[in-house]
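User: Hi! Could you walk me through a few of the labels used for this model, and the reasoning behind each?

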Amino acid sequence: MQKVRVWDLPLRLFHWSLALAVIGAFICIKAAAQSSGWFANAGIDWMYWHTLLGYTTVALILFRLIWGIIGPKYARFTQFIRGPGAILAYLRGDYQGLGHNPLGALSVIALLVVFGFQGFSGLFIDDFLWPGPLAYLSSAWSKTLTSLHRQNEIIMIILFVLHIGAILYYRLFKQKNLVPAMMTGDALALSSQSHLAIRDNLAVFVRGLIVFAICAGFVYYLTTLGGASVDSFM
């Protein structure tokens with residue numbers, strides 16, 4: 001066995017940034033709901049930070065969708081999205097590929113869909129004090145997405161718990177620590193698979209940075225459409 005570079009730096013930064021943004025947004029919305037206690041008296045505009053982290057989540061999801069098409073090999077959806085046959089082969093122990101395994105790929109897609117919907121629906125939030133930048137497009141559509149935005153919270157929590165549970169399962173029962181690979185980018189592989197390593201150099205990082213900058217710029221543009229940009233909350 002030897003270490004093989006599987007996860008590129010832009011993908012690793014996306015992974016940890018999304019985790020921090022989602023957890024931070026969750027903490028902020030819960031803190032904003034407190035009428036007393038430390039959170040209520042901290043002098044922090046929790047809704048502002050919840051909104052900002054929500055916009056960040058949307059930009060990150062957009063980046064991942066694009067990176068899943070133009071990114072390095074193991075970041076691409078065509079590399080890890082497989083059919084039922086591949087999933088069954090993995091469950092039988094016959095799968096030897098690198099990157100996301102066929103079962104883990106389902107978790108990736110679920111997280112992107114659920115977290116992406118949460119960020120997208122947040123753009124349409126129907127709230128008197130904190131309206132979403134696209135709430136003006138349709139009152140009925142906005143009310144529906146506002147309701148779904150709140151209901152989707154429990155699904156996010158369930159997926160997050162399952163994700164952590166899967167990591168612990170692999171660590172405790174399969175003796176595989178998945179966390180270091182997403183930090184260093186290197187995964188253990190057979191010596192015969194060394195030629196499958198990706199390039200993770202400055203050019204890849206710059207390409208990822210440009211893609212994210214475009215996504216962030218697009219999200220910022222969306223926030224200005226309703227006359228309620230991020231700057232207006234400062």
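Analyst: Happy to. Buried means under 20% relative accessible area, exposed means over 50%, and partly exposed lies in between. Keep in mind that this is a predicted model.

User: Why is Arg 12 called buried or exposed, whichever applies?

Analyst: Arg 12 has 10% relative accessibility. The cut-off for buried is under 20%, so Arg 12 counts as buried.

User: And what makes Asp 200 buried, exposed or partly exposed?

Analyst: Its relative accessibility is 23%. Partly exposed covers values between 20% and 50%, so Asp 200 counts as partly exposed.

User: How do you know that Asp 200 forms a salt bridge with Arg 12?

Analyst: The closest N and O atoms of Asp 200 and Arg 12 are 3.1 Å apart. The limit is 4 Å, so the pair qualifies as a salt bridge. Asp 200 sits in the loop between strand 2 and helix 8, while Arg 12 belongs to helix 1, 188 residues apart. Asp 200 also meets Arg 5 in a salt bridge, at 2.7 Å from N to O. Arg 5, Arg 12, Asp 186 and Asp 200 are linked in a salt-bridge network.

User: Why is helix 2 called oblique to helix 5?

Analyst: Their axes come within 8 Å and cross at roughly 135 degrees. Roughly perpendicular ends at 115 degrees and roughly antiparallel requires over 145, so helix 2 is oblique to helix 5. The crossing is left-handed. Among the contact residues are Ile 61 of helix 2 and Phe 115 of helix 5, and the contact divides into five nonpolar, three polar and one charged.

Definitions and conventions
Residues numbered from 1 in each chain as written. Predicted model: local features only at pLDDT ≥ 70, side-chain atom pairs only at ≥ 80, totals over all residues. Heavy atoms only, no water. Axes fitted to C-alpha atoms, helices over the stretch in contact; angles between N-to-C directions. Helix = DSSP H or I, 4+ residues; strand = E, 2+ residues; numbered from the N terminus. Parallel < 35°, antiparallel > 145°, perpendicular 65-115°, else oblique. Left-handed = near helix turned anticlockwise from the far one by under 90°. Contact = heavy atoms within 4.5 Å. Nonpolar A, V, L, I, M, F, W, Y, C, P; charged D, E, K, R; others polar. Salt bridge = Lys/Arg side-chain N within 4 Å of Asp/Glu carboxyl O. Buried < 20%, exposed > 50% of the residue type's maximum accessible area, 1.4 Å probe, protein only.
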